[in-house]
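Notebook open, coffee poured. I want to look up the empty space first, then the cysteines and the rings.

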Amino acid sequence: MSIVWGSWSYAGGNGVRIGIDLSYSGTTITAKYYLDGEYNFSGDVCSISYSGAYAGSADTYTFNFSTGGSPVLAETHTVAGTANSTYTFAASGSGFYNGSTPSVSGVSITLPPAVPAAPTGVGATRVSDTQQTVAWTTNATSSAPYASQQVRRAVVDITGATGPFSTIATVSGSATSYSDTTTIANRVYRYQIAAVNATGTTYSAISSWVHTTPAAPSSVSASVDSAGDVVISWTVNAQDRSTRTVIEESTDGGTTYSALATTSSATTNSYTETSPAATTHTYRAHALVSGTSTDPGYGLTSSSVVSNTIALASAPSAPTGLAPNGSTVDLANAQTLTWTYNPTDSSPQSNFEVQHRLLGGSTWTTTGETASTTSSWTLPAGTYANGQTIEWQVRTWGQLTASGDASPWSASATIIGSSTPTATISSAGSTTVTRTNLYPRPTFAAGWTGYYDYAGTGGVTSDTVVTGGGYVSGEDCLRVTWTTASTSSGGVRTLQTDETLTAGASYTISAWVKPSVDVTFSNQAWFYKDGTAIGAAGGSFPTRTAPAGVWTRLQMRVDVPADGTVNQVQPRWYASGAPFVVGATLDFSAPLMEEGSTLAAYFDGDMTSADGVTYSWTGTVGDSSSTAVTNLVATSSAPLDWTFFQAEGGSQAAWRITVTDLTTGTSTVYSGTGTTGTYTVTGYADGNAYSVALAVESDAGLWSADASVSVAVSYLPPADIDVTATFSDLDGSVTLTLAPQAWDGTTTLAQTGAYIQRSDEGTTWTTLNATALDPAASAIDMTAPVNGTSQYRIIAESSLPSTATGTAATVTGSTTKWCYLSQGAGYANVVRFYGAPSVKSGAQVDQALYQFAGRTLPVAYFGSQITSTLAVSGILTDDSSTPADLRAIAKLAGPWLWRDPSGRAFYGSLTGMSVDESAPNVVFPVSFAMTEVDTSG
């Protein structure tokens, strides 16, 4: 501490004072006594007297002090003290030359307390799971008092580890007990008390364990192992390493229990009872605190949890849950029979036996005792016939497998046999197309086919008709054989067609060839006119290599001139190079020819079916035509027709149609009950493709497999609507008369609406009406150019909807002197001007100029808006509109349309209308201005 000074003592004008500075180390106090003066002292002999904690005899001291100097340490004395005690010191001086008597008193110091002694005898008393009473002995002294105490607690885990401790309460230094009300069940606690004062903290020894009620085990179950012993298992939930699981057993169904076993470890979770008696067994388990008997909570137990009951070494009960039972199935297919195994001793199924017979029969057919743990068996397909009803039973074995240890036979289950129905789609609303081949398929006749030898070596070939040797089964072919020794170039040609070709049409011709050596064929065709050769045909004649011994299809396209100079064609196929040697052969099937750029594959047997198309010959394979039944739906809805069949004569009970849109991937399901064989599918979209699947259910409850068909949708068009157009220079209008053509409902539909389109001088077609017109209506176009050529056509619409475009009509606006100003709906209000008025037009893009600092010239900004203007000056004559007509139209709301002989059509707002009526009454000058406006909205 710092020096504590007494008051100044004055005599002779010079002051003196005395001070004390106290400090301690441990319990030893050091007192230092100081003198201080205001002016010089030199050799002044004085005495210091002591009182208080130090009261020794007075000391004589020679005092020297210089003005401005520091206090002078006069004496130092020590005093032995006691901890936690206060000591006071005082002193006085005398004998100074000036006669002053300084003094100081009341200077004190307190020694700190000693570290407290630790509490002892810490123990806990259990009150309940949620309350424990902790008591202890304090060891405070006057020199080592307790300022306060801390109650500390730790949880002991399942391994026996303690900690960590945490302070749960702070109590006074005199407290000797505490009630802990924050504990819970299924725990082990230990306590400790800490003594605290200003000098330090000391900790007591740790208390013994305090237990709360342990948690009960769960999932207690019993089962029989392969040795016939009973395994009891459970889940341990107790958190106390002192707990043990106690197992008790009942052989009277749980009425009374006796102790069976106690585990040796808190974590043990199973126990095996060996050689149990052949009776029923029920077990229960509880947790028991079995630690030191002096521990609070020793002997606490959880509730008991009961296991399942098992019976040992006894036959199972009769199986139940037989399936199928009372069901209708197709006995032509294998049937899986299943049942529920019912043990009485918890042992698994080891064997089974199934027996079956016709319902009411006298003899069972049995599988015999079959080793299997699976509760199912498959009745082979065809064991019984559809239309019959059978019954079946099953018995099982468990752990005991002797014949006398089987379960009783189950109750009989019945199965009704019925054939799975089938559905055949007869129509999907399809159209039938018959296509005729221009070359027939007869047996080869002499002279019908010719052949070439191009080598020029005099080689000779021969030909033979091979019956049934053609590409299509049953079709004849021509075999050409090279008999010369030289290598030859050769080929085959046919006679020209008997049918008359269509001028300007294209035809596709093909033939199948099978050479005995690899041959690259070049194709050619020759045109004829009434049997006279005209020259090589134009078209596409690709080469193709035909491998040896393989039928290869050769194909060409010929294009018939449109001028009618030819009406027959002769196709030719010949080898490139000289591949043929003596003995080489070329098999040639009859050629096929059809109008169009692609030959239908089904004509020559190249395919027999395809997705969405069914192919069939109208007669034999050699006939000249075949029929393609194409599932082509021409409306938004079409009937799906089918036939139902069930072998035992059952009837259809229900049906289900799934329509999948192959374009969008979405599916729609239609279903119904009854015996119908038709349903109209709706919602077909034009141009999309669909897969339609049909399944039917018999009255026995069996569903067929899906019968599927692919459907392409192409709406029938409406019949055309033709149009005539007439121009009138009275008002610059075009009158349109619509003429709907006849429709047949098969290739064309009724017209339900009409749209007018116009093209001016070959420009893009523009639709004039936003809503459909009556197909037989007349219309007036008041916006056509008044000098120039326009075309009109009508787009006919059906109710599907589908559309068709009619023949265009051409009209010419013939006026060269009249101009027209129109207004109103359809621009039907018209005034007519005479002659060629003066018309001035102009256009300007939206723009603005801005002046910026540092720039001499302004900066221009341009927008997207354009302002177009028209200034008109003309005359009204006695055969044009009147001034009154002009004033009337100017008073109406716009927009207005200006048309003049230049072909101009200008839509705009009207301003500055002026008519000079002071002129001669046969000529009135007119002027006005127009600004172009947007009329698209």
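A cavity here is a set of grid points where a 1.4 Å probe fits but cannot get out, and its volume is the space filled by probe spheres set on those points. I keep in mind that this is a predicted model.

**Entry 1, closed space.** How many cavities of 30 Å³ or more are there? I get one. The largest cavity holds about 50 Å³ of space. I listed its lining: Ala215, Ala216, Pro217, Val236, Asn237, Ala238, Thr243, Arg244, Thr245, Ala266 and Ala287. Strand 20, residues 243-250, gives the largest share of that lining, with three residues. By class I see seven nonpolar residues, three polar and one charged.

**Entry 2, open space.** Next I went to the largest pocket, which has a volume of about 570 Å³. Which of its 26 lining residues come closest to the centre? I noted Arg758, Leu768, Asp781, Thr783 and Tyr907. Two or more lining residues come from each of strand 61 (753-760), strand 62 (766-767), strand 63 (778-781) and strand 71 (905-915). The largest share, four residues, belongs to strand 61. I sorted the pocket lining into 13 nonpolar, 10 polar and three charged residues.

**Entry 3, cysteines.** I looked for disulfides and the count came to zero. I also checked accessibility for two cysteines. Cys46 has a relative accessible area of 3%, so I put it down as buried, the cut-off being under 20%. Cys819 is buried too, at 0% relative accessibility.

**Entry 4, rings.** I count 17 aromatic pairs. I picked Tyr670 and Tyr679 for a closer look: their ring centres are 5.4 Å apart and their planes sit at 45°, so this pair is tilted. Are these two tyrosines buried or exposed? Tyr670 is buried, with a relative accessible area of 15%, while Tyr679 is partly exposed at 27%. Elsewhere I found Phe41, Phe63, Phe65, Phe96 and Tyr97 forming one aromatic cluster.

**Entry 5, charges over rings.** Which arginine lies over the face of Trp765? I found Arg793 there, at 4.1 Å from the ring centre. I then looked at Trp818, where Arg832 lies over the face of the ring at 3.6 Å from its centre.

Notes: Residues numbered from 1 in each chain as written. Predicted model: local features only at pLDDT ≥ 70, side-chain atom pairs only at ≥ 80, totals over all residues. Heavy atoms only, no water. 1 Å grid on protein atoms, 1.4 Å probe; cavity = no way out; pocket = protein on both sides within 12 Å on 5 of 7 lines; lining within 4 Å. Nonpolar A, V, L, I, M, F, W, Y, C, P; charged D, E, K, R; others polar. Disulfide = S-S within 2.5 Å. Buried < 20%, exposed > 50% of the residue type's maximum accessible area, 1.4 Å probe, protein only. Phe/Tyr/Trp six-rings, centres within 6.5 Å; stacked < 30°, edge-to-face > 60°. Lys NZ or Arg CZ within 6 Å of the ring centre and 35° of its normal.
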